[in-house]
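This report works through one protein chain, moving from single loop positions to helices and strands. The sequence and the structure are shown here for reference.

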Amino acid sequence: MLKGTRLTLLSRVKAVSADVISRCSLRHYIGKKALSLLSPSCAPGSVLWRRNEGFFREVCTSTTLHRKIGGNKRKNDLSEKKLMRHFVDCRRVKLVAGSGGKGACSFHSEPRKEWGGPDGGNGGDGGSIIIKANWFVKSLAQVTPVYKAEDGQAGGNKNCYGRNGNSTYIYVPVGTVVKEQGTTIMDLAEDGQEYLAVFGGAGGKGNRFFLSNENRAPMTATPGTAGQERVLQLELRTMAHAGLVGFPNAGKSSLLRAISNARPAVAAYPFTTLNPHVGIVEYRDHEQVAVADIPGIIRGAHLNRGLGISFLRHIERCRFLLFVLDLSAPEPWTQLQHLCYELDQYEPGLSQRPQAIVANKMDLPEAREKLETLKSQVTQRVIPISALTGQNTEELILHLRELYDGYLQDDGSEGVKPVRW
């Protein structure tokens, strides 16, 4: 009986061993032949392995292996309309500089030199926060509400100093004004201009620093000082040579589309632009004039009605103004009086800059009569155009160059470097 049991167990062990050996052989064979057998060159419908006595599983290559042709598709660039949805021209940020690392308190000790003296190193300085102007940044949308710079590392033994914290850079558009409690402290009007907003804290001193003839074994180590902390306001003022100023639905966006490559949103129904657009007018001598489409201003804008302060802010940097009047209005010349009043209430003398009047919507039948009345009511030069049909836009572009050349001559005589786009 015992002998029969042993024979039964032995036969079962042999069966299990055969199963294990078969699986190992299959795994070893597939490891060598996988690349050659499972290749795209295999004929469709071929079967490499079939089920045989319960040991092998069926492997089918009925579909050839392939990869995506052409790789990942490149994402389409966002249109200017979608980009302007994320346009932000005002931010309130809290800046916290890095704190300094603490100093170390340690004593050098090694064989045959047990009293080596203090060897605690100083801590590293905390990182600072720097605001830097960059031409390639067009909005304050990427500026976060809180910035915290890197802290300095603590000192170590063997007179090892801690590493200084890296400085944090905040990239803002050219033309950003930095304010603190309503007071302007910095105007970033040039590309690459920097402003050190908050300073990092100084690192603490290790006990090696306090070694003297009177105190040969100092136990004193100081902690690092905290970094500077400030709350600043960032305001973007559009950098452009000319500004299109007018009431809502006067045709400023359509005019900018007609004289430049900018594509602000326009439609057949009345609406107003909420964010400024900048278009570039190019001339044959490769000179470029930047024209800004200022959002529509309403009566009482200097009292911040209808986001008036946010819109008027972008006119401050414009060297000359183009007042766009709507000839479909009953009395277009009264629009000029209201616009000049709003500009002077926001900043005295703002409406006295070099300017011209653009009489838009000349394609309307009643525009001719109103144009003659407008010319008799004002003393500035009046340029009649139709932004819809492109009528007489050449005269506006030529006069724009005259204003630009006068701006270059005036700033050059005063010793001020003119802004070139």
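## A threonine in a loop

In which loop, and between which strands, does T222 lie? In this predicted model, T222 is found in the loop between strand 9 (194–198) and strand 10 (229–236). With a relative accessible area of 27%, T222 is partly exposed, since that value falls between the 20% under which a residue is buried and the 50% over which a residue is exposed.

Although T222 and G103 are 119 residues apart in sequence, their C-alpha atoms are 5.6 Å apart in space. Once neighbours within four places in sequence are set aside, T222 is in contact with K102, G103, G204, K205 and F210. With K205 there is also a specific approach, in which the side chain of T222 reaches the backbone nitrogen of K205 at 2.7 Å.

## A buried asparagine

N122 also belongs to a loop, in this case the one between strand 3 (90–96) and strand 4 (129–134). The relative accessible area of N122 is 9%, so this asparagine counts as buried, the limit for that class being under 20%.

Residues up to four places away in sequence not being counted, N122 touches G155, C160, Y161, G162, G204, K205, G206 and F209. Among these partners, Y161 has a side chain that is joined to the side chain of N122 by a polar contact of 3.4 Å. G204 and K205 are touched by N122, and G204 and K205 are likewise in contact with T222.

## Two residues with positive phi

Q181, which is not a glycine, has a positive phi of about 55°. Q181 is placed in the loop between strand 7 (176–180) and strand 8 (183–188), and with a relative accessible area of 76% it is exposed.

H286 is another residue other than glycine with a positive phi, here near 65°. The loop that holds H286 runs between strand 12 (277–282) and strand 13 (288–293), and H286 counts as exposed at 74% relative accessibility.

## Strand 14 and its partners

Which residues of strand 14 point one way, and which the other? F320, L322, V324 and D326 point one way, whereas L321, F323 and L325 point the other way, and all of them are buried. In a regular strand, side chains alternate between the two faces of the sheet. Because seven of the seven residues of strand 14 are buried, this strand is largely enclosed by the rest of the structure.

Strand 14 pairs in the parallel sense with strand 11 (residues 242–245) over four bridges, and within that pairing L322 of strand 14 stands opposite L244. Strand 14 also pairs in the parallel sense with strand 15, over six bridges, where L325 has A359 of strand 15 as its bridge partner.

## Helix 5 and the β-α-β unit

Strand 14, helix 5 and strand 15 together make a right-handed β-α-β unit. For the 15 residues of helix 5, a rise of 1.5 Å a residue gives an expected span of 21 Å, and the end C-alpha atoms are 22 Å apart, which agrees. The buried residues in helix 5 are P332, W333, T334, Q335, L336, L339, C340, E342 and L343.

## Helices with a buried side

In helix 6 (residues 367–377), A367, K370, L371 and L374 are buried. These residues cover an arc of only 110° around the axis, and therefore lie on the same side of helix 6. An α-helix has 3.6 residues a turn, so residues three or four places apart point the same way. The other side of helix 6 carries the exposed residues R368, E369, E372 and S376, while the cover over its buried residues includes strand 14 (320–326), helix 5 (332–346), strand 15 (355–360) and strand 16 (382–384).

Helix 3 (residues 252–259) has K252, S253, L255, L256 and I259 as buried residues. Their arc around the axis is only 160°, which puts them on the same side of helix 3.

## The chain as a whole

The secondary structure of the chain comes to seven helices and 16 strands, and 40% of its 421 residues count as buried. Of the contacts in the chain with a separation of 6 or more, 69% are accounted for by residues 24 or more positions apart.

Note on methods
Residues numbered from 1 in each chain as written. Predicted model: local features only at pLDDT ≥ 70, side-chain atom pairs only at ≥ 80, totals over all residues. Heavy atoms only, no water. Buried < 20%, exposed > 50% of the residue type's maximum accessible area, 1.4 Å probe, protein only. Polar contact = N/O pair within 3.5 Å; in protein donor to acceptor, adjacent residues only side chain to side chain. Contact = heavy atoms within 4.5 Å. Arc of directions from axis to C-beta. Pairing = 2+ DSSP bridges. Right-handed = clockwise from strand over helix to strand, strands pointing away. Expected span 1.5 Å × (residues − 1).
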